[in-house]
Amino acid sequence: MEARNSARYPLCVLLTPEALATIQACTAAAYDQQRSEWGGLLWGRLFVHPMKGMVPVIVAATNGVCRATPTSCEILPASWQAGERELADQRLGGLQCLGDFHSHPKMGVFMSGPDRLSFWSYGHVSHWLGMVVDPWRSDYGIFAKCSADRFERIPCFVMSHRIAQVLNLPRPVSGRLAGRGHLVSSQGGNHRAIR
Ligand SMILES: [Zn+2]
């Protein structure tokens with residue numbers, strides 16, 4: 001697979017266990033502390049599929065700077081700077097922002113009205129991913145465009161370190177929660193693992 005950008009749409013997504021652990025840590029911490037949703041950013045690389053479309057590979061997730069309530073989460077612009085700082089701290093170079101994630105604590109995975117508006121605010125970015133997670137129901141969904149005006153939930157695979165090595169991807173710290181040193185395991189999820 002060749003790493004480059006194109007106007008094609010994502011077929012499926014690969015995700016490192018470390019990124020999933022960070023997503024779980026960020027969203028669980030916010031719920032524990034303030035009973036709110038929470039979110040952040042997804043970073044990685046795009047691979048062009050030989051037949052059609054592209055395969056975004058999420059290497060790392062970074063904790064967002066959010067305005068959040070029990071039923072809403074706005075990922076603020078400061079999240080980009082905070083994310084780039086976190087990547088630099090972990091010496092993760094050559095990654096681009098592929099999308100964002102936010103939690104629906106105990107509500108399940110779906111795209112709400114505000115989620116759709118937020119997703120289409122990136123309408124010019126063909127590969128943009130909107131990830132909605134409910135770790136309490138072990139539900140992790142990634143939504144991507146399938147045409148200029150439609151999106152769908154696409155398959156998401158957690159990949160092994162061997163595949164990350166083959167793709168020459170940097171390895172992030174597992175479950176890193178910037179500024180709090182909080183670690184969680186990467187158990188759970190309805191994703192399928194590929195090795
Ligand atoms: Zn939402």
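Here is a chat about a predicted model of a protein chain.

Biologist: How many helices and strands are there in the protein chain?

Modeller: Keep in mind that this is a predicted model. The protein chain has four helices and twelve strands.

Biologist: And what share of the residues counts as buried?

Modeller: That would be 42% of the 195 residues. As for contacts between residues at least 6 apart in sequence, 76% of them join residues at least 24 apart.

Biologist: OK, the core. How many residues are in the largest nonpolar one?

Modeller: It has 44 residues. Leu 15, Leu 42, Ile 58 and Val 59 have the most contacts inside that core. Helix H1, residues 17-34, gives the most to it, with seven residues.

Biologist: Which residues is Ile 58 in contact with, leaving aside its neighbours within four places in sequence?

Modeller: Ile 58 is in contact with Val 13, Leu 14, Leu 15, Thr 16, Ala 19, Leu 42, Gly 44 and Leu 98.

Biologist: Back to H1. How does its span agree with 1.5 Å a residue?

Modeller: Its 18 residues should span 26 Å at that rate, and the end C-alpha atoms are 26 Å apart, so the two agree. Several residues of H1 are buried, including Pro 17, Leu 20, Ile 23 and Ala 30.

Biologist: What comes after H1?

Modeller: Arg 35 follows H1. Its phi is positive, near 55 degrees, and Arg 35 is not a glycine. You'll find Arg 35 in the loop between H1 and S3.

Biologist: Is Arg 35 buried or exposed?

Modeller: Exposed, because Arg 35 has 11 C-beta neighbours inside 10 Å, and 12 or fewer counts as exposed.

Biologist: Let's switch to H2. How far does that helix reach?

Modeller: Helix H2 covers residues 78-89, which is twelve residues, and reaches 17 Å from its first C-alpha to its last. That is close to the 16 Å expected at 1.5 Å a residue.

Biologist: Which of its residues are buried?

Modeller: Ser 79, Gly 83, Glu 86 and Leu 87 are the buried residues of H2. They sit on the same side of H2, because they cover an arc of only 100 degrees around the axis.

Biologist: What's on the face turned away from that buried side?

Modeller: That face carries the exposed residues Ala 78, Gln 81, Arg 85, Ala 88 and Asp 89.

Biologist: And what covers the buried residues of H2?

Modeller: The cover includes strand S3 (39-48), strand S4 (54-63) and S6. By the way, H2 is followed by Arg 91, which has a positive phi near 55 degrees.

Biologist: You mentioned S6. Which residues are on its covered face?

Modeller: Strand S6, residues 72-75, has Cys 73 and Ile 75 on the covered face, with Ser 72 and Glu 74 on the uncovered one. In a regular strand, side chains alternate between the two faces of the sheet.

Biologist: How is S6 joined to S5?

Modeller: S5, residues 66-69, runs antiparallel to S6, and four bridges join them. In that pairing, Ala 68 stands opposite Cys 73. The two strands form a hairpin with two residues between them.

Biologist: New topic: where is Phe 119?

Modeller: Phe 119 is in helix H3, residues 113-120. This residue is buried, because 20 other C-beta atoms lie within 10 Å.

Biologist: What does Phe 119 touch, not counting residues up to four places away in sequence?

Modeller: Phe 119 touches Met 111, Gly 130, Phe 143 and Phe 151. Leu 129 is ten residues from Phe 119 in sequence, and their C-alpha atoms are 7.9 Å apart.

Biologist: Last bit: how many bridges join S8 to S9?

Modeller: Six, and those strands run antiparallel. Asp 134 has Asp 139 in S9 as its bridge partner. Their hairpin has four residues between the strands, and there Ser 138 takes a positive phi near 50 degrees.

Biologist: Why does Ser 138 count as exposed?

Modeller: Because it has 12 other C-beta atoms within 10 Å, and 12 or fewer is the cut-off. S9 itself is mostly covered, with six of its seven residues buried.

Biologist: And how does S9 pair with S10?

Modeller: S9 pairs with strand S10, residues 151-154, in the antiparallel sense over four bridges. Phe 143 has Arg 153 in S10 as its bridge partner. A hairpin of five residues joins S9 to S10.

How values were computed. Residues are numbered from 1 along each chain as its sequence is written. This is a predicted model: local features need pLDDT of at least 70, side-chain atom pairs count only at pLDDT 80 or more; totals for chains, interfaces and linings use all residues. A nonpolar core is a set of buried Ala, Val, Leu, Ile, Met, Phe, Trp, Tyr and Cys residues joined through C-beta atoms within 7 Å. Two residues are in contact if their C-beta atoms, placed from the backbone, lie within 7 Å. Two strands pair if DSSP finds at least two bridges between them. The expected span of a helix is 1.5 Å times one less than its number of residues. The arc is that of the directions from the helix axis to the C-beta atoms.
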